[in-house]
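The exercises below concern burial, core packing, aromatic pairs and internal cavities in one protein chain. Please work through each task before reading its solution.

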Amino acid sequence: MERIGVIGAGPAGLAAVRELTAAGLDAVAFERGARVGGVWTLEDRPTAAYRSLHLITSRERTEFAAFPLPPGTADYPSRDVVGRYLESYVEHFGLADRLRPGSGVARAERDPAGGWTLTLDDGGTEEVDRLVVANGHNAVPKWPEPAYPGADAFAGEQLHAVDYDDARAFEGRRVLVVGMGNSAMDIASDLSLVADHVVLSVRHGSWVVPKRLLGKPADQVTSPWAAVHVPLALRQAVSQTLLRLVSGPPERYGLPKPQRGLFEDHPTISDTILSRISHGRITPRGAISRLEADGVVFADGVREQLDAIVWCTGYRVDMPFLDPALLGPEPTELPLYKRVFHLDVPDLHFVGYMQSTGSAFPIVERQSALLAAALTGRWAPPSRAEMAADCARRRADAVRRWGDRGRPAMRVDFDRYMHELAAELEAGAARVATVAA
């Protein structure tokens, strides 16, 4: 029986191991951390999931289909609840003997004839027949490039969101948060409860969506059916009208006006940011011009005196264990059929290597089911030409919707992609039946 090596034991790696072993395959996950969970780990180390973090997708739209969150779980669970949930997932499915915590993969080398040699962080080696990359892409911080003028002159504290843990460390200080993503909004709101003052630097506008609309979690207001079958323009127009009625446009709060529609960019999901701005606890500012020893000067000439800066500037895709030749000149542009199958390396697969408009958990579960079907002969791929054409089409569709910045090849619409994966499972099964006939 083939042995399958899975890199990572976060949500993607755990889902892969569970689906593969449930299909009777021999899979083992190698995890650098001492505990499972990826960014949601309960291990005491810096991750993208800071102490006060709560999900921005609702419980029902986040949980694994095969293992729902416990009854009574809040609509938007905390970091620690999610961490315990993933550890319970391991226990429930008996995966512990399939996991190698504390065994990070430093290098994965492919034999031209097939198969892989994994060199672990401690120097040991493991041989596997197939490799599944499931290490996530929210671990390596991305800093502004090039650095802002005066970055080295600022005498206060500078840290990336990955190293942010607890607002109490900033009590009584004046703090700048840079970014308009969900981490920036959450951290700014968190800091505004204890800091002397919080300034938020935002270059590009984004729609702000409250976590609850019409008495229910915002991501449950429309149905998955509508996301697949109702034209995007109509859904977007209705949703934007609802947001304007509920909370008003972002520019009413001093934030930049969004340059694209609600479903044409990644929105900010927050119940608190607009309230904290309205209460004067957060001051929105525009782009940064330069840093000085004790503050920042913004593009409009306004100067703020500051003690600390939190850079919420995102993360880099990082797979240093793989030969760069397998990933191409830009890893975020790597074409993968259905975001799972490498077009040219038949024993290299990916789970979780996408950027979704919704939760990753159901997606990695379904990706893993597709992979398990492929490796047990219940799914057959189309031709390489058809797979390449599908990758090109999906990227072009993403550029038309979201623009060409922000990893378009990796972007997926949650509901449409979940529907697409389900359809692909059926299509691949039909191809198997055709060949057998």
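**Exercise 1. Find which residues of helix α3 are buried, and establish what covers them.**

Solution. The buried residues of α3, where buried means under 20% relative accessible area, exposed over 50% and partly exposed in between (1.4 Å probe, protein chains only), are N182, A184, M185, D186, I187, A188, S189, D190 and L191. Helices (H or I, at least four residues) and strands (E, at least two) are DSSP runs numbered from the N terminus, and α3 spans residues 182–191, of which 9 of the 10 are buried, so this helix is largely enclosed by the rest of the structure. The next step is to look at the cover, which includes the strands β10 (174–178), β11 (197–201), β15 (268–269), β16 (282–285) and β20 (308–311), together with helix α6 (273–278).

Before going further, note that this is a predicted model, in which local features need pLDDT of at least 70 and side-chain atom pairs count only at pLDDT 80 or more, while totals for chains, interfaces and linings use all residues. Residues are numbered from 1 along each chain as its sequence is written, and side-chain values use heavy atoms, with hydrogens and water left out.

**Exercise 2. Identify the residues that touch the most other members of the largest nonpolar core, and list the contacts of V177.**

Solution. A nonpolar core is a set of buried Ala, Val, Leu, Ile, Met, Phe, Trp, Tyr and Cys residues joined through side-chain atoms within 4.5 Å. The largest has 83 residues, and L20, F64, V177, I187, L191, L200 and I273 touch the most other members. Helix α7 (residues 361–375) gives the most to this core, with 9 residues. Turning to V177, and leaving aside its neighbours within four places in sequence, one finds it in contact (heavy atoms within 4.5 Å) with A184, I187, A188, L191, V198, V199, L200, S201, V310 and C312. Apart from this core lies another, of 24 residues, among them L118, V133, M319 and L336.

**Exercise 3. Classify the aromatic pair formed by Y50 and Y164, and then the pair formed by F67 and Y85.**

Solution. Rings of Phe, Tyr and Trp (its six-membered ring) pair if their centres lie within 6.5 Å, and planes under 30 degrees apart count as stacked, over 60 as edge-to-face and the rest as tilted. The whole structure holds 13 aromatic pairs. For Y50 and Y164, the values are 5.8 Å centre to centre and 75 degrees between the planes, and the pair is edge-to-face. Y50 lies in the loop between β2 (26–31) and α2 (79–92) and Y164 in the loop between β9 (157–160) and β10, 114 residues apart; Y50 is buried at 2%, and Y164 is buried at 2%. For F67 and Y85, the centres are 5.4 Å apart and the planes at 15 degrees, so the pair is stacked. Ring pairs also link F64, F67, Y85, Y89, F93 and F361 into a cluster.

**Exercise 4. Determine which residues line the largest cavity.**

Solution. On a 1 Å grid over the protein atoms alone, a cavity is a set of points where a 1.4 Å probe fits but cannot get out, and lining residues have an atom within 4 Å of a point. The largest cavity is lined by V133, A134, N135, G136, H137, V317, M319, V351, G352 and Y353.

Methods. On a 1 Å grid over the protein atoms alone, a cavity is a set of points where a 1.4 Å probe fits but cannot get out, and a pocket is an open set with protein on both sides within 12 Å along at least five of seven lines; lining residues have an atom within 4 Å of a point.
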